[in-house]
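Work through these exercises with the structure open beside you. Try each task before you read its solution.

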Amino acid sequence: MSEQLALFIDGQWVTTADTVANINPSDTSDVIGHYAQADMAHVDTAIDAANRAVDSWGQSPLETRYQVLMAVGNELIERSAELGELLAREEGKTRAEGVGEVVRSGQFFQYYAAEVHRQIDDRADSVRPGIEIETRREPVGVVVVISPWNFPMATAVWKIAPALAFGNAVIFKPANLVPGSAWALTEIIARQTVLPAGAFNLLMGPGGRVGDALIHSDRVHAVSFTGSLPVGRQVAVATATHLVKCQLEMGSKNALIVAADADLDVAANAAFVGAFSGTGQKCTASSRLIVVAEVYDAFVAKLTEKLSAVRVGHALEDGVDMGPVVSAAQLADNLSWVQKGLEEGATLLQGGERLELTTPGFYMSPGLFVDTTNDMAINRHEMFAPLACVIRVENYEEALSVLNDTEFGLTAGIVTQSLATATDFKKRAVSGCVMVNLPTAGTDYHVPFGGRKNSSFGPREQGQYAREFYTTVKTTYIQP
């Protein structure tokens, strides 16, 4: 067995009796490493350490925090080729997508390094004569970060970077399916010697054991979670018991409308990128394509042509457009959705099949369903697969109604050449993020991200909005 890649607790690397193998989904004979698994004693130790570190890190000089975050961000970008390959190797997205994710992760750290210096508080006169009032933001305390497997670095970083920037101590629990990127990030953070012991901790292990212990603790102050709706509801219930602050990013069933006046080349590209980039394993993926009847056939023809040219293969091979899905379980789930769609009466126009390639891996061809309706299960549930469903509608009003007819509301898009239609859509789409003539997948780091309905709960992530979750407000009254 290869050398164990350890936990990081209270400033020390900690080995364990239990490990998990990190398997390459592009080649299941390739074991990336064996990663330590935390037990309850490790969880308790990490929580104790984080609570001890809160005061020192929260009161650290601004320049110290700035330098730590900037150093981490710079190193991520400088090593993006190496770390992007690791990410692609363990998660299955292509090399280019892996490198891009690492670069974006570095940019998050750089952005929040700059945010450290944004220290402008508010003052007010009291209603009582001679008294001054000031309000300021302080760290919320010990923050638990629970991240998903589909963006093993970026999603974790857009939580970790603001948490550290605002002076909190962090306990990071990554998805157990993809521990390599989390360990690599931790190794970079661990070398920032001015960071107090306990200010950042890595606990790898199964969510049912490690994650469950963290969300039920009354010694943490905030939990930021990205994952499925059922687990998100469990987090909400657990944190509510101890009145712990929580932030949840959960399911989605995003849609892209193709209007009658759409540029169909723009529409086909937006649908292709939105639905199939990252092997469709994105919370922002547009798995519902709502197309006005007037352009339905022409749009389907263009998208089918693009899909037929997709090269599926090993994530690190040059020229590969789409890598494998992340695991055997995910592949089985994806194929079950294909079967479900056929049973519901949808037509599988393209792909949706398991592929056997040179290396043993979890490959499937990108699939396109047509002749679907919005009440089919394939259009109601998040599939997290390289599958998209086309829904025919008669006009824009019907398209908008179908788009909003879902329990989720993360991203929504439209392709149109009408300013009036775009303006109306921006107002009436019940969604946290709205895209016009763009894929539904793809967001910036300096503006808020989050959804409505069952997609999100709690304050928005990213940009300056992150301070709403990672800080608490103190009001001070002063009589000179």
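**Exercise 1. A small sheet**

The model is predicted. Find the open sheet of 3 strands and give its strand order.

Solution.
- Step 1: Read the order. The open sheet runs 1-5-4.
- Step 2: Check the pairing. In this sheet it is mixed.
- Step 3: Find the edges. They are strand 1 (4-5) and strand 4, and each pairs on one side only.

**Exercise 2. Two strands side by side**

Describe how strand 4 is joined to strand 5.

Solution.
- Step 1: Locate the strands. Strand 4 covers residues 19-24, and strand 5 covers residues 27-36.
- Step 2: Get the direction. The two run antiparallel, with 6 bridges between them.
- Step 3: Look at the turn. A hairpin of 2 residues joins strand 4 to strand 5.
- Step 4: Pick out partners. T19 has A36 of strand 5 as its bridge partner. I23 has V31, also in strand 5.

**Exercise 3. Inside the cores**

Which residues touch the most other members of the largest nonpolar core?

Solution.
- Step 1: Start with the whole set. The largest nonpolar core holds 85 residues.
- Step 2: Name those that touch the most other members. They are L76, F109, I160, I171, F172, L185 and L203.
- Step 3: Ask which element gives the largest share of this core. That is helix 5 (residues 154-165), with 8 residues.
- Step 4: Follow I160. Leaving out residues up to four places away in sequence, I160 touches F109, V145, V170, F172, L185, I189 and F200.
- Step 5: Look for another core. A second, separate one has 26 residues, including L256, Y363, L368 and V370.

**Exercise 4. Buried or exposed?**

Sort E101 and K426 into buried or exposed.

Solution.
- Step 1: Place E101. It is found in helix 4 (residues 95-115).
- Step 2: Apply the cut-off. E101 has a relative accessible area of 4%, which is under 20%, so E101 is buried.
- Step 3: List the contacts of E101. Not counting residues up to four places away in sequence, they are L87, K93, N150, F151, P152, M153 and A154.
- Step 4: Place K426. This residue is in helix 13 (residues 419-428).
- Step 5: Apply the other cut-off. K426 has 51% relative accessibility, which is over 50%, so K426 is exposed.
- Step 6: List the contacts of K426. Beyond its neighbours within four places in sequence, K426 is in contact with V434 and V436.
- Step 7: Add a distance. K426 and D48 are 378 residues apart along the chain, and their C-alpha atoms are separated by 46 Å.

**Exercise 5. Positive phi**

What is the phi of D10, and what is the phi of K453?

Solution.
- Step 1: Recall the background. Most residues other than glycine have a negative phi.
- Step 2: Take D10. Its phi is near 55 degrees, a positive value, and D10 is not a glycine.
- Step 3: Place D10. It is in the loop between strand 2 (7-9) and strand 3 (12-14). Its relative accessibility is 25%, so D10 counts as partly exposed.
- Step 4: Take K453. Its phi is about 55 degrees, again positive in a residue that is not a glycine.
- Step 5: Place K453. It lies in strand 23 (residues 452-453). With a relative accessible area of 35%, K453 is partly exposed.

**Exercise 6. Empty spaces**

How many cavities of 30 Å³ or more does a search of the whole structure find?

Solution.
- Step 1: Count. The search finds 2.
- Step 2: Take the largest cavity. Its volume is about 90 Å³.
- Step 3: Read its lining. There are 14 residues, and K282, A285, S287, E382 and F384 lie nearest the centre.
- Step 4: Sort that lining. The largest cavity has 7 nonpolar, 4 polar and 3 charged lining residues.
- Step 5: Take the second largest cavity. It holds about 70 Å³ of space. L403, T406, F408, G409 and T411 are the closest to its centre, out of 14 lining residues.
- Step 6: Sort this lining too. The second largest cavity has 6 nonpolar, 6 polar and 2 charged residues.

Key: Residues numbered from 1 in each chain as written. Predicted model: local features only at pLDDT ≥ 70, side-chain atom pairs only at ≥ 80, totals over all residues. Heavy atoms only, no water. Core = buried A, V, L, I, M, F, W, Y, C linked by side-chain atoms within 4.5 Å. Buried < 20%, exposed > 50% of the residue type's maximum accessible area, 1.4 Å probe, protein only. Helix = DSSP H or I, 4+ residues; strand = E, 2+ residues; numbered from the N terminus. Contact = heavy atoms within 4.5 Å. Pairing = 2+ DSSP bridges. 1 Å grid on protein atoms, 1.4 Å probe; cavity = no way out; pocket = protein on both sides within 12 Å on 5 of 7 lines; lining within 4 Å. Points joined across faces, edges and corners; volume = space filled by probe spheres on them. Nonpolar A, V, L, I, M, F, W, Y, C, P; charged D, E, K, R; others polar.
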